[in-house]
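Colleague: I have this model open on my screen and would like a close look at a single part of it. Could you take me through one helix and the neighbours it packs against?

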Amino acid sequence: MADKILREAAHLLTAHHRKWNGAGKWLPRRLSAADPELGRRLLDGHLALARRADPGPLSTSVLDVLNLAGGPLREGYVTSR
């Protein structure tokens, strides 16, 4: 789950900054190119979850990424066509 969350947050962060999205070994490089500070916090948060089972840093940095894009969707959000 943490890998999926990291990939999705990375995709959103790179898209927000109009930078190319990388995968695998390119992911840290692309995050650093898009947003050095927030990209590093995402990677460090993922590592904290993997090493210490601490979801706090990853959750916080993912929320910061979501806030760049207008914030998380809330219950009851509906799009109309």
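Modeller: Happy to! Let me begin with the whole chain, where buried residues make up 27% of the 81 residues. Please keep in mind that this is a predicted model. The protein averages a pLDDT of 90, and 91% of the residues score at least 70. Among the helices, confidence is lowest in α2 (residues 27-34), at a mean of 91, and highest in α3, at 96.

The protein has four helices and zero strands, so the order of elements from the N terminus is simply α-α-α-α, helices being numbered from that end. Along the principal axes, the C-alpha atoms fill a box of roughly 40 × 30 × 20 Å. Of the contacts with a separation of 6 or more, 39% are between residues 24 or more positions apart.

The part I would pick is helix α4, which covers residues 56-68. Its 13 residues reach 19 Å from the first C-alpha to the last, close to the 18 Å expected at 1.5 Å a residue. Which residues of α4 are buried? They are Leu58, Ser61, Val62 and Val65. These four cover an arc of only 105° around the axis, which puts them on the same side of α4. That side has company: the buried residues of α4 pack against α1 (2-16) and α3 (36-52).

Thr60 is also found in α4, but with a relative accessible area of 44% it is partly exposed. You can use Thr60 to find your way to α3: its C-alpha atom is separated by 8.7 Å from that of Leu42, and the two residues are 18 apart along the chain. Leu42 itself is one of the buried residues of α3.

Now to the neighbours of α4. Helix α3 has 17 residues, which at 1.5 Å a residue should span 24 Å; its end C-alpha atoms are 24 Å apart, which agrees. The buried residues of α3 are Leu38, Gly39, Leu42, Leu43, Gly45, His46 and Ala48. What covers them includes α1, α2 and α4.

How do the two partners of α4 sit against each other? Helices α1 and α3 pack at an angle of about 175°, with their axes 10 Å apart. Angles over 145 degrees count as roughly antiparallel, and α1 and α3 are therefore roughly antiparallel to each other. On the α1 side, the contact is made by Ala2, Asp3, Leu6, Ala9, Ala10 and Leu13. On the α3 side, it is made by Leu38, Gly39, Leu42, Leu43, His46 and Leu49.

Finally, the stretches next to these helices are worth a look for their backbone angles. Most residues other than glycine have a negative phi. Ala53, in the loop between α3 and α4, has a positive phi of about 55° although it is not a glycine. At 60% relative accessibility, Ala53 counts as exposed. Arg18 lies in the loop between α1 and α2, and its phi is near 55°, a positive value in a residue other than glycine. Arg18 is exposed too, with a relative accessible area of 78%. After α4 comes Gly70, whose phi is positive, near 105°.

Note on methods: Residues numbered from 1 in each chain as written. Predicted model: local features only at pLDDT ≥ 70, side-chain atom pairs only at ≥ 80, totals over all residues. Heavy atoms only, no water. Helix = DSSP H or I, 4+ residues; strand = E, 2+ residues; numbered from the N terminus. Expected span 1.5 Å × (residues − 1). Buried < 20%, exposed > 50% of the residue type's maximum accessible area, 1.4 Å probe, protein only. Arc of directions from axis to C-beta. Contact = heavy atoms within 4.5 Å. pLDDT = per-residue confidence, 0-100. Axes fitted to C-alpha atoms, helices over the stretch in contact; angles between N-to-C directions. Parallel < 35°, antiparallel > 145°, perpendicular 65-115°, else oblique.
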